Amino acid sequence: MRTQVGIIGAGPSGLLLSQLLHLRGIETVVLEKHSREYVLGRIRAGVLEHSFAALMREAQVGERLDREGQIHEGFFIAHDGIKERVDLRGLTGGKSVIVYGQTELTRDLYEARDRFGGVVMHNAEDVRPHDVDGPQPYLTCRVGGEVVRIDCDYIVGCDGFHGVSRQSIPKDKIRVFERDYPFGWLGVLSRTKPVSPELIYATHERGFALCSLRSEALSRYYIQVPFTDSVDDWSDEEFFEELRRRLPGDVSSALITGPSIEKSIAPLRSFVVEPMRFGNLFLAGDAAHIVPPTGARGLNTAASDIYYLYHALVDHYSKWDNRGLETYSQRALARVWKGQRFSWWMTMLLHRFPDSSPFDRRLQETELAYLFSSEEALASLAENYVGQPF
Ligand SMILES: Cc1cc2nc3c(=O)[nH]c(=O)nc-3n(C[C@H](O)[C@H](O)[C@H](O)COP(=O)(O)OP(=O)(O)OC[C@H]3O[C@@H](n4cnc5c(N)ncnc54)[C@H](O)[C@@H]3O)c2cc1C
């Protein structure tokens, strides 16, 4: 089999790139390790930048997002028993974010790939990129026991943090920058009315908590837990009891609880690989970088990678102009690092670190006090939260 761009991974990055390229007449094949049901069962991001929504519209998949996505013009930071609002709209000259679940966005992308006759091969085992530093790269995998070979011009690794793409690059050709945090986020999804129409990020001596939502009837709550905890350590009752303890009194008394329909723990990690290209293999999204979810940057940064790569590939095929491909890594990384800085800052501001000293605690308290006493500091937070232009 032959295609122009072989894509590994059918997460949001891989599906979006495939759909955008298809609309510009560029052929793709997407290889996904898991089944479609598995991919659609993952509950992850929920806060999207408007630039992401614009890219979804360009891909002709923005209709439901525009109809059902909720515009959020602010969020709260709760501390010391009170909650203070960050007025995104007022601080950024009218900007906001959109709350729309990653699961729904992936479903929209799948439906579009079906509608346009896109090729997405599921349950592709042992996917491997070959000869990526030569002029004729190819992919191999096994699907239903059959060995499949796909010759392509370019390979794009959109296979997430644990994927094969980054691991196939010789270690001396890339540089890794990383930081692990000594905790994770235990998340619960429940079919209950959200406690607040806007997100509440809470910092408390027992640890961080987040009250988020997916719709008016679907709540997503998180608490910081030690990275050694597992989901089985927490019953629904224990989870909500702990969440209540970390929220201001008026919020915890208004919290409506219900059985979890999904419960998972996400480890917190900062990770970047440089460069994001090796020969004819390009990395995009979580395959190249991971952020702690505190700043809601992961999926949004994946979208900016796709934006740069999509335009670079269109320029290559339509005008034989390779400048976009040549500068892809540099351009993508410039935005990646801004997202890294912001996510790290939000994480340091709002979490409890087991090894923090009294000095560290005072600095955290002072950072919060400074934030809510300075319009400029709040404006910087808001500018980063709504996302910088691609
Ligand atoms: C709790 C949590 C909350 C988050 N909240 C936000 C938020 O509010 N806003 C935000 O912007 N981001 C958020 N994120 C981050 C966001 O979910 C990720 O950045 C996003 O999923 C990245 O998309 P991707 O397509 O690059 O990678 P993925 O979604 O990881 O997709 C990779 C795909 O590749 C497949 N794959 C893996 N290995 C192989 C292989 N060897 N062969 C073939 N296929 C393979 C996988 O099965 C998967 O389908 C959050 C993440 C978590 C965990």
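**Briefing: aromatic pairs, ligand shell and backbone features**

The count of aromatic pairs in this structure comes to 19, with ring centres within 6.5 Å as the criterion. One of them joins tyrosine 154 and tyrosine 317 in an edge-to-face arrangement, with 6.4 Å from centre to centre and 80° between the planes. Tyrosine 154 belongs to strand 12 (residues 154–157) and tyrosine 317 to helix 9, so this pair ties together parts that lie 163 residues apart in sequence. The model is predicted, and the points below cover its ligand, one of its helices and two backbone features.

**Ligand surroundings**

- The shell around the ligand holds 33 residues, of which Glu32, Arg42, Gln102, Asp286 and Leu299 come nearest.
- Sorted by class, this shell is made up of 15 nonpolar, 11 polar and 7 charged residues.

**Polar contacts of the ligand and its burial**

- In the side chain of serine 13, an N or O atom is 2.8 Å from an oxygen atom of the ligand.
- Glycine 46 approaches through its backbone, where an N or O atom lies 3.2 Å from a ligand oxygen atom.
- For valine 47, a backbone N or O atom likewise lies 3.2 Å from an oxygen atom of the ligand.
- The ligand taken alone exposes 1000 Å², and the protein buries 90% of that area.
- Two elements, helix 1 (12–23) and helix 9 (298–319), each give two or more residues to the shell around the ligand.
- Helix 9 gives the most to that shell, with 3 residues, and this helix also carries tyrosine 317 of the aromatic pair described above.

**Helix 10**

- Helix 10 covers residues 323–350, a run of 28 residues that should span 40 Å at 1.5 Å a residue; its end C-alpha atoms are 41 Å apart, which agrees with the expected span.
- At serine 329, helix 10 bends by about 40°.

**Backbone features**

- The peptide bond that runs from glutamate 274 to proline 275 is cis, with omega near -10°.
- Proline 275 is found in the loop between strand 17 (260–274) and strand 18 (277–278).
- Aspartate 126 is a residue other than glycine with a positive phi, near 50°.
- The position of aspartate 126 falls in strand 9, which comprises residues 125–130.

Technical notes:
Residues numbered from 1 in each chain as written. Predicted model: local features only at pLDDT ≥ 70, side-chain atom pairs only at ≥ 80, totals over all residues. Heavy atoms only, no water. Near = heavy atom within 4 Å. Polar contact = N/O pair within 3.5 Å; in protein donor to acceptor, adjacent residues only side chain to side chain. Areas by Shrake-Rupley, 256 points an atom, 1.4 Å probe, with all protein chains shown as cover. Helix = DSSP H or I, 4+ residues; strand = E, 2+ residues; numbered from the N terminus. Nonpolar A, V, L, I, M, F, W, Y, C, P; charged D, E, K, R; others polar. Expected span 1.5 Å × (residues − 1). Bend = angle between axes of the 7 residues up to and from the residue. Phe/Tyr/Trp six-rings, centres within 6.5 Å; stacked < 30°, edge-to-face > 60°.
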